[in-house]
Amino acid sequence: MLKIYNSIAREKQTFTPIEAGKVKMYVCGMTVYDFCHLGHARVLVVFDAVQRWLRASGLDVTYVRNITDIDDKIIRRAVENGETIGQLTDRFIAAMDEDATALGVQKPTHEPRATDYVPQMLGLIGQLEANGLAYKAADGDVNFSVRKFPGYGRLSGKSLDDLRAGERVEVDSAKQDPLDFVLWKHAKAGEPAWESPWGAGRPGWHIECSAMSSDLLGQHFDIHGGGQDLQFPHHENEIAQSEGAHGCTFVNYWMHNGFVRVDDEKMSKSLGNFFTIRDVLKKYDAEVVRFFILRAHYRSPLNYSDAHLDDARQALSRLYTALKAVVPDAAGVDREEAHAQGFQAAMDDDFNTPEALAVLFELANEVNRSKDARLAGQLKGLAGILGLLERDPVAFLQGAAGSDDEGLSPAVIEERIAARAAAKKAKDFAEADRLRAELLAAGIVLEDSAQGTTWRRA
RNA sequence: GGCGCGGUAGCAAAGCGGUUAUGCAGAGGACUGCAAAUCCUUCCAGGGCGGUUCGACUCCGCCCCGCGCCUCCA
């Protein structure tokens, strides 16, 4: 029985889909004006794992992850670069796809772009106006009136009076309440604009998610996810818009993943302390990065450092080493088997991937001991549910550390191994050891066995 | 100021009111020409002070420390 920590209830709850056997899930994706950083990688990987587990549990999943392709930063960046908004966003969408694919992230069912949903947004804004929740301000913007929506603040646990608007935000005098947020921004010179009943303009940020989710998943759906920083105000505003327009519950389960940090501080664009996914992939294998992310629970903070990535790589190597030694049975996962049951219990407990991974290490230990192909099959099969251990073990163990790696070529390594074999045969162990040490210095570890010598990268 | 999260062994990271988490690193042993890998054994925990309990890392209270949201942000 799957339990999910529901942010709006602040507790783990048994997951019951609205429609038996089906799950409709929406996750806030990227604003595409720059390369994705590790924080984005975490959202991608975490909700990919969620989605995979739901499917592995036999549910029919519709997974929507949106793309924000119009906003202030995109407009500004396009101007800075001297390119069109379309050129900029196409470029970074392609880059995001590359990064996601590298990390083993499966394609969502739908990846809607905000600019394709302007009519639906206008429809929603019209409904909100009809319901008395939206108003056109003196400056031409259409705003949402938070005071008129009774449940405002429920998700984030904030009360309107405690928010002390103005303390950190400059008060916008055109708003009836400082916490009112923009649904439709009036057009400014040189900026892209769409016609609307309220005049030419462009959408506010929050409205796109309400429009796309209801269009693709319906007015009421199961799971909505995103980074912790979106809980307020973004998701709070989504609830206000969607429930305010539709008059029904918006989402049953809210999920928020924790931040990636650097030196115990949130990794963020505004702090400038971020590492892009592609930077990290220069030094580390993408599967190592995926493993590193899944090694922590999705709601916990995750500290990034090279030392932690090195550690993750060592750990993942242990799993691959077990599969290298025993060819896994291809029969598929036996879900009744003890480890599979443990794995399931872990994943059913709010997607506890660290504990699920611990089960994999227990399996690896038993595989090493028993050389049991069936258990190796369990290991590979269960890991596969999380998108791990899907490569050839030797390819992983001999693979480059990252895209920038300039290690010895396999041909050169094989040549040295042959030379060492000859030295060994001649009982010239000093020469054999010299060759081993030479390779080790180049990051190559040799492993002798009855079947001959194999190698891997340290 | 308001709201919230967390402090676990050298590092990382989980569960759990009483029984080995797990990985990396360390120590000893087996194996090996020597290694590596693997296996076996092993060292190292639960911020501080109280309380509840036969028993608390696990529940409760207070304190200290760190972090986050309240502004664009995954």
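This text walks through chain A, from its overall build to a few local sites. The model is predicted.

Start with the whole chain. Chain A holds 15 helices and 15 strands. Its C-alpha atoms fill a box of roughly 90 × 50 × 35 Å along the principal axes. The chain has 458 residues, and 49% of them are buried. Contacts reach far along the sequence. Among contacts with a separation of 6 or more, 74% join residues 24 or more positions apart.

Now the surface and the charges. The accessible surface of chain A is about 19900 Å². Carbon and sulfur atoms supply 50% of that area. The chain carries 53 positive and 68 negative side chains. The centres of these two sets lie 3 Å apart.

Turn next to His-224. This residue sits in strand 9, which spans residues 221–227. Is His-224 buried or exposed? Its relative accessible area is 0%, so His-224 counts as buried, the cut-off being under 20%. Its contacts beyond four places in sequence fall on both sides of it in the chain numbering. Tyr-26 and Cys-28 are among them. So are His-235 and Glu-238. The list also takes in Phe-250, Val-251, Tyr-253, Trp-254 and Met-255. With His-235 there is a polar contact as well, side chain to side chain, at 3.5 Å.

Met-121 offers a second buried site. It lies in helix 4, residues 118–130. Its relative accessibility is 0%, so Met-121 is buried too. Which residues touch Met-121, leaving aside its neighbours within four places in sequence? They are Ala-114, Pro-203, Ile-207, Glu-208 and Ala-211. Ile-75 makes a useful reference point for distance. Met-121 and Ile-75 are 46 residues apart in sequence, and their C-alpha atoms are 19 Å apart in space.

Helix 10 shows burial along a whole element. The helix covers residues 338–348. Its buried residues are His-339, Ala-340, Phe-343, Ala-346, Met-347 and Asp-348. An α-helix has 3.6 residues a turn, so residues three or four places apart point the same way. Both helices and a strand help to cover the buried residues of helix 10. The strand is strand 1 (3–6). The helices include helix 1 (38–56), helix 11 (353–370) and helix 12 (373–385). After helix 10 comes Asp-350, with a positive phi near 55°.

The strands bring us to pairing. Strands of a sheet pair through backbone hydrogen bonds, either parallel or antiparallel. One open sheet has three strands in the order 12-11-13, and its pairing is mixed. Strand 12 (265–266) and strand 13 (302–304) form the edges, each pairing on one side only. Strand 11, residues 260–262, runs antiparallel to strand 12, and two bridges join them. Here Val-262 stands opposite Glu-265 of strand 12.

A hairpin completes the tour. Strand 14 takes residues 444–449, and strand 15 takes residues 452–457. How many bridges pair strand 14 with strand 15? There are six, and the pairing is antiparallel. Two residues link strand 14 to strand 15 in the hairpin. Ile-444 faces its partner across the pair: it stands opposite Arg-457 in strand 15.

Notes. Residues are numbered from 1 along each chain as its sequence is written. Chains are lettered from A and ligands numbered from 1 in the order in which they are written. This is a predicted model: local features need pLDDT of at least 70, side-chain atom pairs count only at pLDDT 80 or more; totals for chains, interfaces and linings use all residues. Side-chain values use heavy atoms; hydrogens and water are left out. Helices (H or I, at least four residues) and strands (E, at least two) are DSSP runs, numbered from the N terminus. Buried means under 20% relative accessible area, exposed over 50%, partly exposed in between (1.4 Å probe, protein chains only). A polar contact is a pair of N or O atoms within 3.5 Å; within protein, one must be able to donate a hydrogen and the other to accept it, and residues adjacent in sequence count only if both atoms are side-chain atoms. Contact means heavy atoms within 4.5 Å. Accessible areas come from the Shrake-Rupley method with a 1.4 Å probe; for residues, only the protein chains shown count as cover. Lys and Arg count as positive and Asp and Glu as negative; His and the chain ends are not counted. The place of a charge is taken as NZ of Lys, CZ of Arg, CG of Asp or CD of Glu. Two strands pair if DSSP finds at least two bridges between them.
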